[in-house]
Amino acid sequence: MSGWLIIVIKLTVSLVIFLTAYYSSKFVFKIIQKVYSRKNAELKAPNTIRLVLNVVFFLLAAMIILSVVFEDLVPIITGIGISGIIVGIALQKPLENVFSGIFLLVGRAIVEGDVVKIGDFSGTIEEVNLNHTVLRTFDGKKVLIPNMKVWSSQIVHFWPGKVRRMEMIVGLPYEVDVAVALEILKKVIDEEELVFRGNSVSNFVVFNGFNSSSIDFKLYFWFERRNYFDVQNAIASRIYKELKSRGISIPFPQLDIHVKELSGTGSD
């Protein structure tokens, strides 16, 4: 058998092994999805899991190809000092990002779906791949942050649990008694269904200061993350209706000008 034919056969076998690894990775991922679906559970970080499976299967395929199909290449590679080349590459930025990505995946410092701030960027983690962390900002921008920068940066998780707290400032006219105002606003958050209640959280209202045109109060209330916009609208609507039913108007900025007439300073 000629040398060229042997090379073609080896390349064909290598391609088959890589394709097998590719489809095996997809097959295993579908099995994982079905298991979670049968349990009525949500599969967290699907993109990350898919990436990890691809890496594992392709590394396995590469090892099989080098050790079985191209076993005659091993002494050649060793002879040209491949270990020195690997050490040199390890000092480069791309491989640093790869190792940082592995550390992020293993340590679960960030997980797909987390809402975080990394450096100057805030948004939702879409995917952690081997080179970059993909972050989607609140205004829809897609940001690719090198894993090395993510690993070395301070990571702020905005709301790691299913509930978070909101602070809302309400200004009322000076004619309203402070005790009455506190009662009205507390009644609003106590009666709103979208406000979360539990033993570990507390919802309350406090006096926030005397403003130029109003007495300000601050509402602190908890809610489920998915109700972020709905609870704001609901609380604002309830406050407006409650104040209107009691004949209380929400003040607007006012400027009082006092004119003092000075006599005897001019000539006739």
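This short presentation concerns helix H7 and its surroundings, together with two aromatic pairs, in a predicted model.

Good morning. I shall begin with helix H7, which runs over residues 178-191. At 1.5 Å a residue, its 14 residues should span 20 Å, and the end C-alpha atoms are indeed 20 Å apart, so expectation and model agree. At the start of this helix, a side-chain oxygen of Asp177 comes to within 2.9 Å of the backbone nitrogen of Ala179.

Which residues of H7 are buried? They are Ala181, Ile184, Leu185, Val188 and Ile189. Because these residues cover an arc of only 125 degrees around the axis, they lie on the same side of H7. What do they pack against? Their partners are strands S6, S7, S8 and S9, and helix H8.

I turn now to the charged residues of H7. Side chains of opposite charge can pair when their charged atoms come close. Within the helix, Asp190 forms a salt bridge with Lys186, with 2.8 Å between the closest N and O atoms. These two residues are four apart in sequence, about one turn of the helix. Asp190 is partly exposed at 39% relative accessibility, and Lys186 is partly exposed at 29%.

Two further salt bridges lead from H7 to helix H8. In one, Lys187 pairs with Glu242, the closest N and O atoms being 3.5 Å apart. This pair links distant parts of the chain, 55 residues apart. Lys187 is partly exposed, at 28%, whereas Glu242 counts as buried because its relative accessibility is 16%, under the 20% limit. In the other, Glu191 pairs with Arg238 at 3.8 Å between the closest N and O atoms. Here the two residues are 47 apart in sequence, with Glu191 in H7 and Arg238 in H8. Salt bridges with shared partners join Lys187, Glu191, Glu192, Arg238, Glu242 and Arg246 into one network.

Finally, let us consider the aromatic rings. The structure holds eight aromatic pairs. One of them, Phe204 with Tyr220, is stacked, with 4.8 Å from centre to centre and 25 degrees between the planes. Phe204 belongs to strand S8 and Tyr220 to strand S9, so the pair ties together parts that are 16 residues apart in sequence. Phe204 is partly exposed at 28%, while Tyr220 is buried at 14%.

Phe207 and Phe217 form an edge-to-face pair, 6.2 Å centre to centre, with 75 degrees between the planes. This pair also joins strand S8 to strand S9, with Phe207 in S8 and Phe217 in S9. Ring pairs link both residues with Tyr174 and Phe210 into a cluster. Thank you.

Key. Residues are numbered from 1 along each chain as its sequence is written. This is a predicted model: local features need pLDDT of at least 70, side-chain atom pairs count only at pLDDT 80 or more; totals for chains, interfaces and linings use all residues. Side-chain values use heavy atoms; hydrogens and water are left out. The expected span of a helix is 1.5 Å times one less than its number of residues. Buried means under 20% relative accessible area, exposed over 50%, partly exposed in between (1.4 Å probe, protein chains only). The arc is that of the directions from the helix axis to the C-beta atoms. Contact means heavy atoms within 4.5 Å. A polar contact is a pair of N or O atoms within 3.5 Å; within protein, one must be able to donate a hydrogen and the other to accept it, and residues adjacent in sequence count only if both atoms are side-chain atoms. Rings of Phe, Tyr and Trp (its six-membered ring) pair if their centres lie within 6.5 Å; planes under 30 degrees apart count as stacked, over 60 as edge-to-face and the rest as tilted. A salt bridge is a side-chain nitrogen of Lys or Arg within 4 Å of a carboxyl oxygen of Asp or Glu.
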